[in-house]
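Please read the following as a guided walk through one molecular model, taken step by step for someone who has not met it before. The sequence and the structure come first, and the explanation follows.

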Amino acid sequence: MIVVYLLNEEPLYVTMAFYSLNTLRKYNPNIPVRIYFVKDNCRDSRKVGNINEIGKRIGWIGQKKFFDFCKKNKIEVIFYNDLDLKEEKGYFSAQRIVFADCLEENVLLMDSDTFIFGDISCFFDIYKDYDFVATINDYGQFKDVTMNGVTFRPFNSGVVLWNNGWFKKYGEQIYDYCIGLKNKTHPLGEFCWSVSKECGGREEFACSLFVIENKLKFTYFDDLHVQRRNLNGNTRVLHTLTETWPNRYLTFQEELRKYLNKLKLPLKVICKC
């Protein structure tokens with residue numbers, strides 16, 4: 001089993017990942033962690049709001065400090081230079097093609113805009129009977145979708161448990177799915193354009209299609225394990241939005257600083273699996 005993050009050189013992503021990994025290592029000091037780091041000079045970054053203003057409020061974590069932290073905390077980093085995204089050049093989510101290089105059977109994929117409040121290693125045992133586990137996508141106008149006789153609510157692809165080698169296969173197929181949706185050659189391309197501005201959410205919808213079309217056995221995370229956007233009671237992982245992460249960070253600022261000073265986190269959101 002392994003926990004995986006995907007990053008590029010965007011300072012906001014690096015900063016979010018730094019704090020996410022700090023909270024992860026507090027409760028999971030020995031779980032294997034790997035970062036796929038794409039050196040693209042921010043070419044594929046998704047610009048969210050006023051990033052420079054966020055930097056002034058919070059301060060960026062530089063790459064040297066980030067990589068020093070990874071080395072100290074036994075976090076593997078694999079670098080990619082000149083990643084060829086072909087038609088998807090400039091689309092950060094398409095960088096997920098690097099997941100095709102992952103050989104581990106069981107992978108917990110984590111977005112950088114996450115906070116961890118408990119041991120997450122138990123997820124691999126609790127959800128071992130499923131190929132895919134995620135939260136429900138709650139943005140835009142997404143509704144229940146019926147495809148190949150299966151009715152489902154599109155998944156959020158930011159915190160996902162992939163079992164039985166499906167993570168690698170997802171990395172192998174995600175580019176073609178994104179292109180099919182963007183160019184409307186996939187049957188649900190029109191739908192994706194209708195619910196996602198400029199089809200910007202195509203990777204996330206593509207993830208859902210990959211699960212359904214490959215007939216993966218799926219379920220959704222219990223709220224005690226993963227919550228998205230808002231913190232509603234006990235949970236182990238809070239997945240914020242990139243747009244709202246700065247405010248979430250400032251909310252937890254005192255607790256995070258205490259942790260970074262090697263003091264105990266006072267935030268009482270730890271639950272039992």
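The paragraphs below begin with the sheet and the helices on it, and then turn to single residues, cysteines and charged pairs.

The model is predicted, and this should be kept in mind throughout. A good place to begin is the open sheet of seven strands, which has mixed pairing and, read across, the order E3-E2-E1-E4-E9-E6-E10. Its edges are formed by strand E3, covering residues 76–81, and strand E10, covering residues 218–220, each of which pairs on one side only. Neighbouring strands of this sheet are turned against each other by 30° on average, when direction is ignored. Strands of a sheet pair through backbone hydrogen bonds, and they may do so in either a parallel or an antiparallel way.

Within this sheet, strand E1 (residues 2–8) and strand E2 (residues 33–39) run parallel and are joined by six bridges. A reader who wishes to find this pairing in the structure can look for Leu-6, which stands opposite Tyr-36 in E2. Across E1 and E2 lies helix H1, made of residues 11–27, and its direction runs at about 160° to E1. Helix H3 (residues 63–72) also packs on the sheet, where it touches E1, E2 and E3, and its direction makes about 155° with that of E2.

Helix H1 contains Ser-20, and this residue offers a closer view of the surroundings of the helix. Ser-20 is buried, because its relative accessible area is 0%. Leaving aside residues up to four places away in sequence, Ser-20 touches Tyr-5, Asp-111, Ser-112, Thr-114 and Ile-116.

The cysteines come next. How many disulfides are there in the model? The count comes to zero. For Cys-207, the closest cysteine sulfur is that of Cys-178, and because the two sulfur atoms are 9.9 Å apart, they are too far from each other for a bond; the cut-off for a disulfide is 2.5 Å. Cys-207 is buried, with a relative accessible area of 0%, whereas Cys-42, at 22% relative accessibility, counts as partly exposed.

The last topic is charge. Side chains of opposite charge can pair when their charged atoms come close, and a search of the whole structure finds twelve salt bridges. One of them joins Asp-44 to Arg-43, with the closest N and O atoms 2.7 Å apart. The two partners may be viewed in turn: Asp-44 is buried, with a relative accessible area of 0%, while Arg-43 is partly exposed, with a relative accessible area of 32%.

Another salt bridge forms between Glu-88 and Lys-182, where the closest N and O atoms are 3.0 Å apart. This pair links distant parts of the chain, since Glu-88 is in the loop between E3 and strand E4 (107–110), Lys-182 is in helix H5 (residues 166–182), and 94 residues separate them. Is Glu-88 buried or exposed? Its relative accessibility is 1%, and therefore Glu-88 counts as buried.

A further salt bridge brings together the side chains of Glu-190 and Lys-184, at 3.7 Å from N to O; here Lys-184 counts as partly exposed, at 41% relative accessibility. Finally, Arg-34, Glu-76 and Glu-104 are joined into one network by salt bridges that share partners.

Note on methods:
Residues numbered from 1 in each chain as written. Predicted model: local features only at pLDDT ≥ 70, side-chain atom pairs only at ≥ 80, totals over all residues. Heavy atoms only, no water. Pairing = 2+ DSSP bridges. Helix = DSSP H or I, 4+ residues; strand = E, 2+ residues; numbered from the N terminus. Axes fitted to C-alpha atoms, helices over the stretch in contact; angles between N-to-C directions. Contact = heavy atoms within 4.5 Å. Buried < 20%, exposed > 50% of the residue type's maximum accessible area, 1.4 Å probe, protein only. Salt bridge = Lys/Arg side-chain N within 4 Å of Asp/Glu carboxyl O.
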